[in-house]
Amino acid sequence: MIPGSLRGVLDVSNTTWALSEHSVLQPMWDYLQQNHESTLRSPLFPVIISVSMYLVLVFFYTVLDLLAPTWPSIRRFQIHQDRTVTWSNIGSTLALTTYNHLLYIIFPAAIAQWLWRPPVPLPREAPTLTAFLLGIVGCTVVFDFQYYLWHLLHHRVGWLNRTFHALHHQYRQTFSLVTQYLSAWELFSVGFWTTVDPLLLQCHCLTTWAFMLFNIWVSTEDHCGYDFPWAMHRLVPFGLWGGALRHDAHHQQPGTNFAPFFAHWDWLGGTATMPAHVKTKTRKERDEKEA
């Protein structure tokens, strides 16, 4: 039995931690509600932040692509250092991306958000930090499983591949604009799951928006064509995250690495692989250590 005095200390500690955890996001949420409530309640808000995030990331990586041929400090992080992203590559992918955004994202997504998420009073309280982080992780895990199955089917079923998915694989070596170089069906599927998964997990709207941005960030990073030290696959331990290297391997060997984020489904399904040059580099480094 815990003595009364000690139990009181534990209760106070738990209460203090709960209050502290709750207060992390509350000031920011109060500021947003007080100054931008009408914007936050707009059905277009999730669309605007998603598209804006994508364009900012694409602009950043495209600038790197254009500078890489003359800047060795950038070039050395490219997965395929013998390949240059040309203005022709940028133009063709940007044209389809712009078309898709206007016709298949902004217009229908605005209508869908209006129907599914009509303007409602925002919750007064922000999510606790734990709920916020677990919500993002939960949505990411669910989305990863959904897309793994969807992606696998679109490679194994010839009609689905030819009709919808082959467009994305016109580029065997990825760069950021390939991220949404997709058919309308693919774009709709990804947008549908990104919108519905937070609803299924009953996430706070702040968590929902954060998941949308996180999804776009890691999707763009997967296609960016760079292996930076701060990339997700280097930050997440034990090789649990797929990342740019494994997704580049998927474009090289389309029968492998179907999961968009985590690596466990491909391990379990026997479809996991790494690019040949990475295997060679790893083997060389191991041999040098043994020598």
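In the counts used on this tour, Ala, Val, Leu, Ile, Met, Phe, Trp, Tyr, Cys and Pro are taken as nonpolar, Asp, Glu, Lys and Arg as charged, and the others, Gly among them, as polar. With that in mind, please remember as you turn the structure that it is a predicted model.

**The whole chain**

Begin with the protein chain shown as a cartoon, where you will find 13 helices and zero strands. If you then colour the chain by burial, buried residues make up 46% of its 291 residues.

**The second largest cavity**

Next, select Asp222, Gly242, Gly243, Arg246, His247, Asn257, Ala259, Pro260, Phe261, Phe262, Ala263 and Asp266, which together line the second largest cavity. The space that lies in this cavity comes to about 70 Å³. Sorted by class, its lining has five nonpolar, four polar and three charged residues. Which helix gives the most to this lining? Select residues 243–252, which form helix H11, and you have the element that gives the most, with three residues.

**The largest cavity**

Now move to the largest cavity, which has a volume of about 90 Å³, and which is one of two cavities of 30 Å³ or more in the structure. To see what surrounds it, select Asp65, Gln78, Ile79, His80, Arg83, Val85, Gln173, Thr174, Phe175, Cys224, Gly225 and Tyr226, the residues of its lining. By class, this lining has five nonpolar, five polar and two charged residues.

**A salt bridge**

From there, select arginine 234 and aspartate 227 and show their side chains, which meet in a salt bridge with a distance of 2.7 Å from N to O. The structure holds one salt bridge, and this pair forms it. Is aspartate 227 buried or exposed? Aspartate 227 counts as buried because its relative accessibility is 15%, and buried means under 20%. Its partner, arginine 234, has a relative accessible area of 46% and is therefore partly exposed, since that class lies between the 20% limit for buried and the 50% limit for exposed.

**A nonpolar patch on the surface**

Finally, show the molecular surface and select Tyr99, Leu102 and Leu103, which form a nonpolar patch there with about 300 Å² of accessible area together. To look at one member in its setting, keep leucine 103 selected and add residues 87–116, which make up helix H5, where leucine 103 is found. Leucine 103 counts as partly exposed because its relative accessibility is 39%.

Notes:
Residues numbered from 1 in each chain as written. Predicted model: local features only at pLDDT ≥ 70, side-chain atom pairs only at ≥ 80, totals over all residues. Heavy atoms only, no water. Patch = residues over 30% accessible without salt bridge, like charges linked within 9 Å, V, L, I, M, F, W, Y side chains within 5 Å. Areas by Shrake-Rupley, 256 points an atom, 1.4 Å probe, with all protein chains shown as cover. Salt bridge = Lys/Arg side-chain N within 4 Å of Asp/Glu carboxyl O. Helix = DSSP H or I, 4+ residues; strand = E, 2+ residues; numbered from the N terminus. Buried < 20%, exposed > 50% of the residue type's maximum accessible area, 1.4 Å probe, protein only. 1 Å grid on protein atoms, 1.4 Å probe; cavity = no way out; pocket = protein on both sides within 12 Å on 5 of 7 lines; lining within 4 Å. Points joined across faces, edges and corners; volume = space filled by probe spheres on them.
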